[in-house]
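Student: Got a minute to walk through a model with me? I'd like to go over the fold and a few odd backbone spots.

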Amino acid sequence: MFNKLRKLFTPAESGPRPALPAGTRAYAVGDVHGMGALFAALRDAIEADDAARTAADTSVVLLGDLIDRGPDSADVIAQARAWTTRRTVRILMGNHEEMFLDALEKEDVLRHFLRFGGKETLLSYPIDPEEYTRSDLAETIALMHRAIPAEDIAFIRQFEDRIELGGYLFVHAGIRPGVPLEEQALSDLRWIREPFLSHPDSHGPLVVHGHTIADDPQLRPNRIGIDTGAYRSGCLTALGLEGEDRWLIEARDENGAIRVTQRSL
């Protein structure tokens, strides 16, 4: 147990922690991937946690990949759209949203999209499974345009590429080390793993990201990764931030019952 905790929290930070401006609070949510019940439970836990703390200007950042792999992508999009009407919720464009939008027009992208969880997304909308099975790629694109509401497509198109709050930078996948933020390629923001994950030096702001699954949140001096693989592990993770304080809220599916826990960092 000690070694596991040491691995989770090392290497240690030196110097002051990055911070949010006074009077503000933020929550970042890892990759949801179509897990509607986990997302609803974590959303409610974030709302309860925010209400229990002192009043603040609170933002929620969804780190992208709301869709694909899990069974409830349409519901997750509906939940996210509704949440944006009640508070400040900003959403990053993940690589799966990028594929989804391109698959609406390009058969070669659609083929790739369907192999990596896109089938589950399509069948979460009112598409008949038998008709889907009989369809070729062109016919599948036509099914998508008939079944997926234009409002959902427009909603996804306006997802952001990066978000900066105080000393933190929120991106879906990461950034390319040594490249100024304003020169980062969208492909890196949405797809990168190496050399970002193993880079040991500061990026300037502390980078909060998803995209790369780990058993536990990855807390490093230069990055925090919170993709805990909700669609395969049953654990969806949020990171809370206020001033220099950090905490985790985790929703776990335990044999069909969802349990929410919280711990300080």
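Student: Okay, what do the buried residues of H8 pack against?
Tutor: The buried residues of H8 pack against H3, S3 and helix H4 (95-103). Contact means heavy atoms within 4.5 Å, and buried means under 20% relative accessible area, with exposed over 50% and partly exposed in between (1.4 Å probe, protein chains only). Helices (H or I, at least four residues) and strands (E, at least two) are DSSP runs, numbered from the N terminus.

Student: Anything I should know about the model itself?
Tutor: This is a predicted model, where local features need pLDDT of at least 70, side-chain atom pairs count only at pLDDT 80 or more, and totals for chains, interfaces and linings use all residues. Residues are numbered from 1 along each chain as its sequence is written, and side-chain values use heavy atoms, with hydrogens and water left out.

Student: Back to H8, which residues are buried?
Tutor: In helix H8 (residues 150-157) they are Asp152, Ile153, Phe155 and Ile156. They sit on the same side of H8 because they cover an arc of only 160° around the axis; the arc is that of the directions from the helix axis to the C-beta atoms.

Student: And the sheet, what's the strand order?
Tutor: S3-S2-S1-S9-S10-S11, an open sheet of 6 strands with mixed pairing. Two strands pair if DSSP finds at least two bridges between them. The edges are strand S3 (88-91) and strand S11 (257-264), each pairing on one side only.

Student: How many bridges join S9 to S10?
Tutor: There are 8, between strand S9 (residues 235-242) and strand S10 (residues 245-254), which run antiparallel. In S10, Ile249 is the bridge partner of Ala238.

Student: Which strands does H2 touch?
Tutor: Helix H2 (residues 36-52) packs on the sheet and touches strand S1 (24-29), strand S2 (57-62), S9, S10 and S11. Its direction makes about 145° with that of S10. Axes are lines fitted to C-alpha atoms, for helices over the stretch in contact, and angles run from 0 to 180 degrees between N-to-C directions.

Student: New topic: where's the cis peptide bond?
Tutor: It joins Glu194 and Pro195, with omega about 5°. Pro195 is in the loop between helix H9 (186-191) and strand S6 (206-209).

Student: What about Asp65, is phi positive or negative?
Tutor: Positive, about 55°, although Asp65 is not a glycine. Asp65 lies in the loop between S2 and H3, and counts as buried at 2% relative accessibility.

Student: And His211, buried or exposed?
Tutor: His211 is buried, with a relative accessible area of 6%. Its phi is positive too, about 80°.
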